[in-house]
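Here are my notes on the structure you sent. They go from one side-chain contact to the cores and then to the surface.

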Amino acid sequence: MRSLIAAALLVQGVQGFYLPGVNPYSFSEGEAVKLKVNKMTSQKTLLPVDYYRLPFCQPEGGPKMDHENLGEFLAGDRIESSPYRINMKVDMYCEQLCISNLGRGEQKGVSPNKMVRAIRKNYHNNWIVDNIPAASKVEDDTTVTTRYWQGFPVGFIAKDTKRAYVHNHVNIEIQYHSVETEPDKGRIVRFTVEPFSIKHDFEASADDDDDAEEGTVKGFKVADITNPIESCNPGMSAKQHTRYEMVYARGREPQPASGRVLFTYDVIWNENPDLHWASRWDIYLSMDNAIPAKVHWLSILNSLVIVVVLSAMIGAILVRNLRRDFGRYNRLASDEEKAEDLEEFGWKLVHADVFRPPSFSPLLLAVCCGTGAQLFCMSILTVLFSAMGFLSPSNRGALIMAQLLLYVLMGSVAGYVTSRLYKTFKGK
């Protein structure tokens, strides 16, 4: 009886939790929230580029690499620290980051600078906050579009002038969910970046170096903007966050990807009581239903119909030939037919070749079959563990590490299939 009571108390003390195995972190109000930068990616070149290969603002003391596992390293991730200062539930308005010299301007016959080349190759920034990748928010005169993949672009190419412009201002929008057991703390559930290109005319602080070379970055605390928008104007009585109407107001121009550029950012905190921490990755996996699910089902159904029809046609031909041959084999043969039976036909022509080992290297065929069985088992187990939730995307690099581990373990399957098949070929 005592053992049953003890077991009941232990069961009451156990709490079920999120399967993938990443524990949530609850931030107190005012606590520092780290924004990390990852490799830049492009759909044009498909080659990742380190974030600080371009003259972006760097943190004090230089960027520091994040601890990465083997899967992240093989995937090409290069997660580093950033100079962005973010605190939990603390909004920021046109916070100044640094002045960076992007290099020479675009001219005919002159090689463009690194920033222009990256913009023309359509490179995107990939930022991370609390292990959530940044979604990209794009706004125009009529619509607002949010994309939950590929990060946000470094800049854009103007349709009229065909010149490159850099996104030197970002609105960092972070949503949080209050912890039920700790009302004074919150958990980050959504991270969105809205980039803007704003040409700031400014006078740098006295310690700024006007003669900085191309590609160098100079950090500073205060710079006087001579043509501030409403959110960057310290004389405004009511603080406002940067909006699309401010950036594209009459008389405003985007920032060219050359010369000395002032980088700024806003931080916007919003509470989302409907989105829980355990469900924050759902919208990234579904890509916010950017591709309708029926498209996938129609493609799968179309492929299945083609496979079934072709298989049925081949099966009907084979069955017809088999029946004809079996009927000929089983009937009583006359003297003339006995003479004709001396010549083999139908399946008798190939019956000796069905299990005949290959004349060239039967070991090579056995090894190839064993490797195929190894890859097949690895794929099946990887899909199975992923469907069960053990390989969550929140655990970066887990998928590649699981594939490597399963590939090694399935070496026993490859050895068995290879040896069994080689023995069937009378190998020695």
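1. A polar contact here is a pair of N or O atoms within 3.5 Å; within protein, one must be able to donate a hydrogen and the other to accept it. The model is predicted, and the distance in the next point should be read as belonging to a predicted model.

2. A polar atom of the S82 side chain lies 2.4 Å from the backbone oxygen of L35. S82 sits in the loop between strand 5 (80-81) and strand 6 (86-87). Beyond its neighbours within four places in sequence, S82 is in contact with L35, K36, V37, Y52 and P59.

3. Is S82 buried or exposed? S82 counts as buried, because its relative accessibility is 12% and the cut-off for buried is under 20%.

4. L35 also appears in the largest nonpolar core, which has 48 residues. The members that touch the most others are L35, M115, W127, I172, F191 and W269. Strand 21 (residues 260-271) contributes the most to this core, with five residues. A separate core has eleven residues, including C94, I198, F202 and C232.

5. Which residues does I172 contact, leaving aside its neighbours within four places in sequence? They are L35, Y84, I86, W127, F191, T192, Y265, D266, V267 and I268.

6. In soluble globular proteins, nonpolar side chains tend to be buried together. On the surface, however, L301, V305, I306, V309, L310 and M313 make a nonpolar patch of about 550 Å². M313 belongs to helix 6 (residues 293-330).

Conventions. Residues are numbered from 1 along each chain as its sequence is written. This is a predicted model: local features need pLDDT of at least 70, side-chain atom pairs count only at pLDDT 80 or more; totals for chains, interfaces and linings use all residues. Side-chain values use heavy atoms; hydrogens and water are left out. A nonpolar core is a set of buried Ala, Val, Leu, Ile, Met, Phe, Trp, Tyr and Cys residues joined through side-chain atoms within 4.5 Å. Buried means under 20% relative accessible area, exposed over 50%, partly exposed in between (1.4 Å probe, protein chains only). Helices (H or I, at least four residues) and strands (E, at least two) are DSSP runs, numbered from the N terminus. Contact means heavy atoms within 4.5 Å. Patches are made of residues with over 30% relative accessible area and no salt bridge: like charges are joined within 9 Å, nonpolar side chains (Val, Leu, Ile, Met, Phe, Trp, Tyr) within 5 Å. Accessible areas come from the Shrake-Rupley method with a 1.4 Å probe; for residues, only the protein chains shown count as cover. A salt bridge is a side-chain nitrogen of Lys or Arg within 4 Å of a carboxyl oxygen of Asp or Glu.
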